[in-house]
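Me: Please take a close look at one part of this protein with me. I would like to see what surrounds the ligand.

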Amino acid sequence: MKAPPFIYHRPDSLDDALALLAEHGDEAKILAGGQSLVPLMALRMGRPAHVVDIGGIAGLDAITVGDDDSVTLGPLVRHATAERSTVLAEKAPLVHETMPWIAHRAIRTQGTVLGSIAHGDLAAEMPAVVLATGATLTATSIGGERIIAADEFFEGYLDTALRSDEILTAVTFPTWAPNSVGSVTEVARRHGDYALVGLALRLDLDGDTIVDAALAYFGAASTAIRVPDAEATLVGSIAGPDAFDSAAQIVAAQLEPPADIHGTTAYRKHLAGVLTRRGLRTATSKIGVLA
Ligand SMILES: Cc1cc2nc3c(=O)[nH]c(=O)nc-3n(C[C@H](O)[C@H](O)[C@H](O)COP(=O)(O)OP(=O)(O)OC[C@H]3O[C@@H](n4cnc5c(N)ncnc54)[C@H](O)[C@@H]3O)c2cc1C
């Protein structure tokens with residue numbers, strides 16, 4: 001199928017793009033890498049009257065490191081660029097580690113990290129990474145910028161806190177502490193497919209004691225989701241099988257993943273428990289806390 005008719009805009013400045021959004025509001029959609037928007041339009045699941053292509057705006061593809069070692073990505077940083085970035089590998093290792101899990105190489109050369117976050121697919125990796133790292137999102141309109149905390153950004157199925165006149169202009173990943181470890185793990189039918197269920201996690205450790213935990217699941221609810229009770233059971237515990245089992249049991253009991261033709265709710269609950277143990281083991285084994 002072909003997309004329904006629309007008016008295509010290709011502004012060459014951010015101000016012009018924001019002015020177009022201010023004018024056309026709910027009728028307009030930003031086009032970044034097009035890897036989600038174009039298929040949705042072709043399937044007629046999205047029918048924007050105006051498409052605002054930001055691909056011609058210079059300077060939106062920067063990866064910058066702050067004085068505090070936080071890392072900020074602009075809206076035209078492609079997945080493939082992030083995958084090759086030595087800066088991300090060093091300063092935001094969880095983001096870097098996630099890239100090969102996202103789709104296939106050809107899609108990663110076009111798709112953008114911020115597009116993935118703005119789209120907010122329930123089975124996408126990046127929203128969960130945003131939650132696990134406590135990243136902040138910068139939304140810009142002609143009225144100015146506002147900063148949105150990770151926990152307030154994802155509101156439901158393909159729904160975020162972004163307003164229709166706003167562009168997501170930055171994601172900032174906070175300083176990755178020396179005592180932090182993380183992992184991304186998922187189960188998909190084939191590598192590169194959207195996950196049936198996945199987990200992005202971060203632990204902060206003091207020796208082998210867990211002092212902070214963020215467990216963020218994808219494919220497990222209408223949007224990426226944390227499980228605070230499982231995180232709470234980890235905090236104060238010694239990193240090891242007993243703590244990991246307790247967390248996994250809470251996750252499998254509390255999550256209610258949606259069912260579809262690829263998996264029932266019960267199967268996905270089971271996977272979420274399995275991935276909890278696996279993800280925690282993978283993360284802690286990176287610094288030799290757990291054999
Ligand atoms: C076969 C296939 C498999 C895939 N598998 C995966 C997968 O396993 N994991 C995964 O995470 N993704 C997967 N994707 C999606 C892919 O990663 C997309 O690139 C990504 O979801 C969106 O990035 P994009 O730049 O292409 O966004 P676009 O398609 O251009 O836009 C997506 C949506 O976000 C909005 N948007 C984009 N950028 C901004 C912005 N800066 N500000 C405001 N709104 C914005 C658009 O208006 C649109 O609504 C897959 C895609 C395909 C076709």
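Reply: Here is a walk around the ligand, starting with how to read the model. This is a predicted model, in which local features need pLDDT of at least 70, side-chain atom pairs count only at pLDDT 80 or more, and totals for chains, interfaces and linings use all residues. Residues are numbered from 1 along each chain as its sequence is written.

Start with the domains. The protein is divided into domain 1 (7–53), domain 2 (63–173) and domain 3 (184–285). These bounds come from an automatic or database domain assignment. The shell around the ligand draws at least three residues from each of domain 1 and domain 2. The C-alpha centres of domain 1 and domain 3 lie 35 Å apart.

Now the shell itself. A residue counts as near the ligand if its C-beta atom, placed from the backbone, lies within 6 Å of it. There are 28 residues around the ligand. Gly33, Gln35, Gly111, Gly115 and Ala124 come nearest.

Next, the elements. Helices (H or I, at least four residues) and strands (E, at least two) are DSSP runs, numbered from the N terminus. Five of them each supply at least two residues of the shell:
- strand E2 (28–31)
- helix H2 (37–42)
- helix H7 (113–119)
- helix H8 (125–133)
- strand E10 (167–173)

Helix H7 gives the largest share, 5 residues.

Last, the chemistry. The shell divides into 17 nonpolar, 9 polar and 2 charged residues. Ala, Val, Leu, Ile, Met, Phe, Trp, Tyr, Cys and Pro count as nonpolar. Asp, Glu, Lys and Arg count as charged, and the others, Gly among them, as polar. Look back at the nearest residues with this in mind: Gly33, Gly111 and Gly115 are among them, and Gly counts as polar.
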